[in-house]
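Take a first walk through this protein chain. Begin with the overall build, then turn to the pockets.

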Amino acid sequence: MDQQYTRRLESIEAALDRWLPENPGSEWAVQVFPGLSTIHYPLSTTQYLPLTSPGRDLLSRGGKRWRPLLMTLVCEALGGGEAALPLAPLVEFCHNASLIHDDIEDNSDERRGRPAVHIIHGVDAAINSGCFLYFLPLACIDSWAAELEAGGTLSPAAAGSCRARVYALWGEYMRKLHLGQAIDIDWHRNFEPVPPVEEYLAMCALKTGCLARFAAELGAAAANVQDAGHFGEAAEKLGVGFQILDDVKNITTGLPGKKKGDDVVEGKKSLPVLLYLHRYPEKKETVKRCFDAARQGGVEAPETAELMQMLHESGVSGEAEERGKTLIAEARAVFTDGGDLLSGLIDHIT
């Protein structure tokens with residue numbers, strides 16, 4: 001079964017390379033910037049690199065690519081075959097864009113085992129390239145719809161309808177993604193509010209779960225099915241579950257490519273922190289003291305380790321982990337309706 005995932009992942013990488021090549025040339029520019037050749041001062045191909053290199057840097061560091069893989073498998077489960085594969089950039093580029101901007105907003109210094117993109121390329125170039133990654137995949141939508149039409153897969157009317165739907169989905173989920181990020185930023189900038197757990201889960205659904213749901217909805221659109229139905233909701237739960245488990249690992253075992261405890265440095269109100277504050281409201285000032293000291297001293301500050309130990313010994317880290325695992329189990333139960341490959345996706349990526 002792993003070989004079947006590998007084959008699909010190779011096709012996904014090819015789609016990503018097509019739209020964000022290491023050395024973009026004039027042929028790429030014609031697809032991405034229609035009409036660019038008509039300007040009075042044509043650009044040399046090296047002028048594209050300041051725009052593409054920061055994003056390409058992060059993309060080349062790897063990643064599980066589970067979101068575009070999920071999109072592809074949902075499409076297959078709904079009878080669309082491999083029609084969704086060319087849309088892989090729409091999911092993966094937006095995810096990488098969010099990581100570039102998130103690292104700037106959180107002042108993180110490491111991502112996927114290397115210095116964060118803004119540290120290598122500069123904040124200005126990283127912001128610009130990250131924004132470009134949100135909009136670049138829109139160039140692949142018209143190409144995708146035209147290829148389906150030319151190949152006889154869809155009639156011109158159906159291709160136009162699918163194109164419009166994919167554009168609408170992109171707009172909907174990008175707005176939700178940025179709303180979730182705005183809420184998260186507000187929470188770690190202002191210590192005083194202690195949001196209910198339900199609000200935290202809603203924020204995660206917007207910030208993290210929506211990209212997974214977007215992937216499922218794209219898979220349905222590529223299959224020319226009106227909506228992803230229960231697959232979309234399950235995908236959102238999967239994204240939230242993974243976010244919770246990542247937050248727990250950040251303060252326990254650590255995450256590959258990230259510094260253990262950097263969520264404490266950022267003042268992040270992760271699920272373990274919220275569970276602790278709701279259970280022990282009298283400890284709020286202690287938590288604030290640890291956050292403040294960690295922000296000044298980094299992960300090496302004694303208060304960073306102090307807070308992580310408090311969260312572990314109180315049992316809230318374990319409780320949060322169980323919540324994350326429950327959400328993932330609920331997603332798995334739904335994915336069984338999509339066949340062996342979709343139901344086995346979670347085991348493949350964990």
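What follows moves from the whole chain to its two largest pockets.

The model shown is predicted. Its protein chain holds 18 helices and 2 strands. The C-alpha trace spans about 65 × 50 × 35 Å along its principal axes. A compact globule of 350 residues would have a radius of gyration near 20 Å, and the chain has 21 Å, so the two agree.

Now look inside. Buried residues, those under 20% relative accessible area, account for 52% of the 350 residues. Contacts reach far along the sequence: of those between residues at least 6 apart, 74% join residues at least 24 apart. On the outside, the protein chain exposes about 15,300 Å². Carbon and sulfur atoms supply 53% of that area.

Next come the pockets. Rolling a probe the size of a water molecule over the atoms shows where empty space is left. The largest pocket has about 1,200 Å³ of space. It is lined by 40 residues, and Arg67, His95, Leu99, Arg111 and Asp246 are the closest to its centre. Several helices give at least two lining residues each, among them helix 4 (66-77), helix 5 (88-106) and helix 9 (156-189). Helix 10 (197-222) and helix 11 (230-250) do so too. The lining has 17 charged, 13 polar and 10 nonpolar residues.

The second largest pocket has a volume of about 320 Å³. Its lining counts 17 residues, with Asp106, Asn107, Ser108, Val265 and Glu266 the closest to the centre. Helix 5, helix 9 and helix 12 (262-265) each give two or more residues to this lining. By class, 11 of its residues are charged, 4 polar and 2 nonpolar.

Terms used
Residues are numbered from 1 along each chain as its sequence is written. This is a predicted model: local features need pLDDT of at least 70, side-chain atom pairs count only at pLDDT 80 or more; totals for chains, interfaces and linings use all residues. Side-chain values use heavy atoms; hydrogens and water are left out. On a 1 Å grid over the protein atoms alone, a cavity is a set of points where a 1.4 Å probe fits but cannot get out, and a pocket is an open set with protein on both sides within 12 Å along at least five of seven lines; lining residues have an atom within 4 Å of a point. Grid points are joined across faces, edges and corners, and a volume is the space filled by probe spheres set on the points. Helices (H or I, at least four residues) and strands (E, at least two) are DSSP runs, numbered from the N terminus. Ala, Val, Leu, Ile, Met, Phe, Trp, Tyr, Cys and Pro count as nonpolar, Asp, Glu, Lys and Arg as charged, and the others, Gly among them, as polar. The radius of gyration is taken over C-alpha atoms; the globule rule is 2.2 Å times the number of residues to the power 0.38. Buried means under 20% relative accessible area, exposed over 50%, partly exposed in between (1.4 Å probe, protein chains only). Contact means heavy atoms within 4.5 Å. Accessible areas come from the Shrake-Rupley method with a 1.4 Å probe; for residues, only the protein chains shown count as cover.
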